[in-house]
Amino acid sequence: MSAPTGLSPALRSDLAVCGVAVDAPVRRRAGAGPSDDGHVLLGGIGTALPIVATSKYSVREGRLLLDGADLGMDVEPIARPAFYDLTTVDGIPYEQLARLHGSNVLATTVVQTCIRYDEEQRCRFCAIEESLRLGSTTAVKTPAQLAEVAEAAVRLDGVTQMVMTTGTSFGRDRGARHLARCVRAVLEAVPGLPIQVQCEPPADLAALAELRDAGAVSIGIHVESLDAEVRRRWMPGKGSVPMAEYRAAWREAVRLFGRNQVSTYLIIGLGEDPDELVAGAAELIEMGVYPFVVPFRPIAGTLAVDVDGVRPPSAAVVADVTERVARLLRRAGMQGSDQRAGCAACGACSALNAAGA
Ligand code: SF4
């Protein structure tokens with residue numbers, strides 16, 4: 001995926017931090033991980049941006065404006081997909097089971113609860129159970145439901161890849177086995193659809209082979225930060241998983257899925273020293289793992305916002321870290337667009353693709 005003409009990493013980073021005043025029909029307000037965005041085509045590329053009514057960036061007649069001045073870039077909100085209007089045979093609206101991300105990614109959280117969601121353990125940037133509380137999704141998606149939705153999304157809305165994430169369960173597989181069942185069912189309904197799965201490192205690494213054998217083509221094992229203090233402070237539950245378990249899972253995943261088919265989120269703005277973040281990204285790249293760097297986004301309903309009042313990082317830091325990581329990725333010949341499915345393949349939540357990675 002190439003960056004849209006005129007979209008520099010600096011502008012992309014500023015947009016990620018400041019958001020844009022635009023009416024985007026495809027958006028979500030809560031969910032797993034660090035995201036709460038509207039989806040637009042920015043210069044023709046699927047991009048997820050915070051919707052901020054007071055932002056200095058706005059959209060008029062399909063053009064991006066900065067303080068009212070035309071920046072020479074087309075912005076087109078992604079239209080509400082047709083599959084949102086369907087319901088399953090058991091009466092659940094498809095929209096509650098999976099969502100359109102960007103213009104062509106179907107995304108779902110197969111288990112919308114997490115063993116770490118009590119106030120003591122919860123990742124402070126995460127709102128996975130908020131959408132459940134708001135009634136906008138269901139706690140557990142069955143394989144049959146997802147197969148039904150995926151078939152419709154591909155047929156009606158041109159979806160070309162799927163991302164399946166999960167809240168963490170108590171089992172040694174950490175939720176991977178249910179993911180594997182869902183992958184199998186979707187591939188029976190839509191043979192060949194590239195699917196990325198996302199989960200914590202399973203205590204039993206054999207679960208990774210089950211995911212590959214089920215037909216997933218790429219995997220995200222998301223650590224969010226490599227800094228011990230940041231992990232303790234921001235992710236008291238998940239941060240207690242030793243880094244050795246992450247490294248073992250990444251290594252096994254690279255062996256099974258291949259170099260650059262494994263990724264991890266690294267969040268900019270959790271207090272980690274930028275040089276250390278970039279050094280950590282270099283270590284991941286060396287292992288064949290794509291570090292998907294994204295800026296921290298304040299989302300209502302998270303502890304970071306409701307309790308801590310954390311602000312987003314500066315656009316300058318986001319651009320600097322992103323450009324340095326992009327340079328390392330380019331040097332290693334690892335492009336997000338070479339991943340067959342998943343967040344790095346989509347790229348909408350990061351400035352990496354504006355930086356050429
Ligand atoms: S990068 Fe990942 S989370 Fe963001 S829009 Fe794309 S698939 Fe969804």
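These exercises work through strands, helices, cysteines and a ligand shell in one predicted model.

Residues are numbered from 1 along each chain as its sequence is written. In this predicted model, local features need pLDDT of at least 70, side-chain atom pairs count only at pLDDT 80 or more, totals for chains, interfaces and linings use all residues, and side-chain values use heavy atoms, with hydrogens and water left out.

**Exercise 1. The open sheet**

Task: Give the strand order of the open sheet of 7 strands, and name its edge strands.

Solution:
- Start with the terms. Strands (E, at least two residues) and helices (H or I, at least four) are DSSP runs, numbered from the N terminus. Two strands pair if DSSP finds at least two bridges between them.
- Read the order: E6-E7-E8-E9-E10-E11-E12, with mixed pairing.
- Find the edges. Strand E6 (99-101) and strand E12 (289-295) each pair on one side only.
- Add the twist. Neighbouring strands of this sheet are turned by 25° against each other on average, direction ignored. Axes are lines fitted to C-alpha atoms, for helices over the stretch in contact; angles run from 0 to 180 degrees between N-to-C directions.
- Take one pair. Strand E8 (residues 161-165) and strand E9 (residues 195-198) are parallel, with 4 bridges. Met-162 stands opposite Ile-195 in E9.
- Place the helix. Helix H8 (residues 274-287) lies across strand E11 (262-268) and E12, at about 150° to E12. Contact means heavy atoms within 4.5 Å.

**Exercise 2. Strand E1**

Task: Decide whether strand E1 (residues 38-42) is enclosed or open, and list its partners.

Solution:
- Set the cut-offs. Buried means under 20% relative accessible area, exposed over 50%, partly exposed in between (1.4 Å probe, protein chains only).
- Count. In E1, 5 of the 5 residues are buried, so the strand is largely enclosed by the rest of the structure.
- Split by face. In a regular strand, side chains alternate between the two faces of the sheet. Gly-38, Val-40 and Leu-42 lie on one side of E1, His-39 and Leu-41 on the other, and all are buried.
- Take the partner E2 (residues 45-49). It runs antiparallel to E1, joined by 5 bridges. Leu-41 has Gly-46 as its bridge partner there.
- Inspect the turn. The hairpin of E1 and E2 has 2 residues between the strands, and Gly-43 takes a positive phi near 55°.
- Take the partner E5 (residues 69-77). It is also antiparallel to E1, with 3 bridges. Val-40 is matched with Pro-77 in E5.

**Exercise 3. Cys-123 and Cys-126**

Task: Explain why Cys-123 and Cys-126 form no bond with each other.

Solution:
- Recall the bond. A disulfide is a covalent bond between the sulfur atoms of two cysteines. Here the criterion is a pair of cysteine sulfur atoms within 2.5 Å.
- Compare. The sulfur of Cys-123 has its closest cysteine sulfur in Cys-126, 6.0 Å away, so the gap is too far for a bond.
- Check burial. Cys-123 counts as buried at 11% relative accessibility. Cys-126 is buried too, with a relative accessible area of 11%.
- Check the total. The structure holds 0 disulfides.

**Exercise 4. The ligand shell**

Task: Which residues surround the ligand, and how do they divide into nonpolar, polar and charged?

Solution:
- Fix the shell: a residue is near if one of its heavy atoms lies within 4 Å of the molecule.
- List the residues: His-39, His-101, Val-105, Val-163, Tyr-265, Phe-292, Cys-343, Cys-346, Ala-348 and Cys-349.
- Sort them. Ala, Val, Leu, Ile, Met, Phe, Trp, Tyr, Cys and Pro count as nonpolar, Asp, Glu, Lys and Arg as charged, and the others, Gly among them, as polar.
- Conclude: 8 are nonpolar, 2 polar and none charged.
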